[in-house]
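Thanks for coming. I will go through one structure today, starting with its charged contacts and ending with a few loop residues.

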Amino acid sequence: MQFKRFNTKAEQTPEAITFIASTDTPDRYGDIVDQRGWDLAAYKRNPIVLLNHNPQQLPIGKGHAYVKNGQLMLDVRFDKNDDMAQRVERKVRDGFINAVSVGFQPSESIQRNKLPTDHPYYGKSGYYFPKSELLEVSIVTIPANNEATLS
């Protein structure tokens, strides 16, 4: 399982907070996830939001994932009956935490330096993931991709 961390752009509403969960910009590892290749079916059946990718801890919320304008978006609703979820939501709304990370299973992967040099995702390091299955999304403190930030 691959985990990617991405900064967020959050729109604050009374209910859900919307994040940019993934983009096609190379992350700190040089990896690129093609946003057109997301398989969201499994996530839609089990739309969990974790804290720091910890599957030993209960989810702190649930998410609605969709691709819009070439980016994976996530609307998060925090669990109002969970103390930890309330603490995390407060830190997100107050701007102390503003990052998410996707946990995914690549269906296809290619080393970027093996792509044709004229391919838009060619690079000297990292992997290109043309197709990936979204498994979970986590609120995190340190993301791998700094492209999207809290608005």
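Which side chain does that of E89 meet in a salt bridge at 3.0 Å, N to O? The partner is K80. Before I go on, please keep in mind that this is a predicted model.

Let me stay with E89. Its side chain also meets that of R93 in a salt bridge, at 2.9 Å, N to O. E89 and R93 both belong to helix 2, residues 83-93, and because they are 4 residues apart there, about one helical turn separates them. Since these salt bridges share partners, K80, E89 and R93 form one network. As for exposure, E89 has a relative accessible area of 6%, so it is buried. K80 is at 43%, so it counts as partly exposed.

The structure holds 4 salt bridges in total. Another one of them joins the side chains of E15 and R77, at 3.4 Å, N to O. E15 sits in the loop between strand 2, residues 11-12, and strand 3, while R77 is in strand 8, so this pair ties together parts that lie 62 residues apart in sequence. Is E15 buried or partly exposed? With a relative accessible area of 48%, E15 is partly exposed. R77 is partly exposed too, at 41% relative accessibility.

Next, the strands. Strand 3 covers residues 17-22, and strand 8 covers residues 71-78. How do these two strands run? Strand 3 and strand 8 are antiparallel, and 5 bridges join them. One residue pair to look for on screen is I17 and V76: V76, in strand 8, is the bridge partner of I17. How many of the residues of strand 3 are buried? The count is 6 of the 6, so strand 3 is largely enclosed by the rest of the structure. As a general point, side chains in a regular strand alternate between the two faces of the sheet.

Now to the loops. Please find D27, in the loop between strand 3 and strand 4, the latter being residues 32-33. D27 has a relative accessibility of 7%; the cut-off for buried is under 20%, so D27 counts as buried. A polar atom of the D27 side chain lies 2.8 Å from the backbone nitrogen of Y29.

Two other loop residues have a backbone angle to point out. In general, most residues other than glycine have a negative phi. H53 has a positive phi, near 60°, and is not a glycine. N69 is likewise not a glycine, and its phi is positive as well, near 50°.

Where are they? H53 is in the loop between strand 6, residues 48-51, and strand 7, residues 61-68. N69 is in the loop between strand 7 and strand 8. What about their exposure? H53 is at 10% relative accessibility, so it counts as buried. N69 has a relative accessible area of 72%; exposed means over 50%, so N69 is exposed.

To recap, K80, E89 and R93 are joined in one network of salt bridges. Strand 3 pairs with strand 8 through 5 bridges. In the loops, D27 is buried, H53 is buried and N69 is exposed. That is the end of my part.

Conventions: Residues numbered from 1 in each chain as written. Predicted model: local features only at pLDDT ≥ 70, side-chain atom pairs only at ≥ 80, totals over all residues. Heavy atoms only, no water. Buried < 20%, exposed > 50% of the residue type's maximum accessible area, 1.4 Å probe, protein only. Polar contact = N/O pair within 3.5 Å; in protein donor to acceptor, adjacent residues only side chain to side chain. Pairing = 2+ DSSP bridges.
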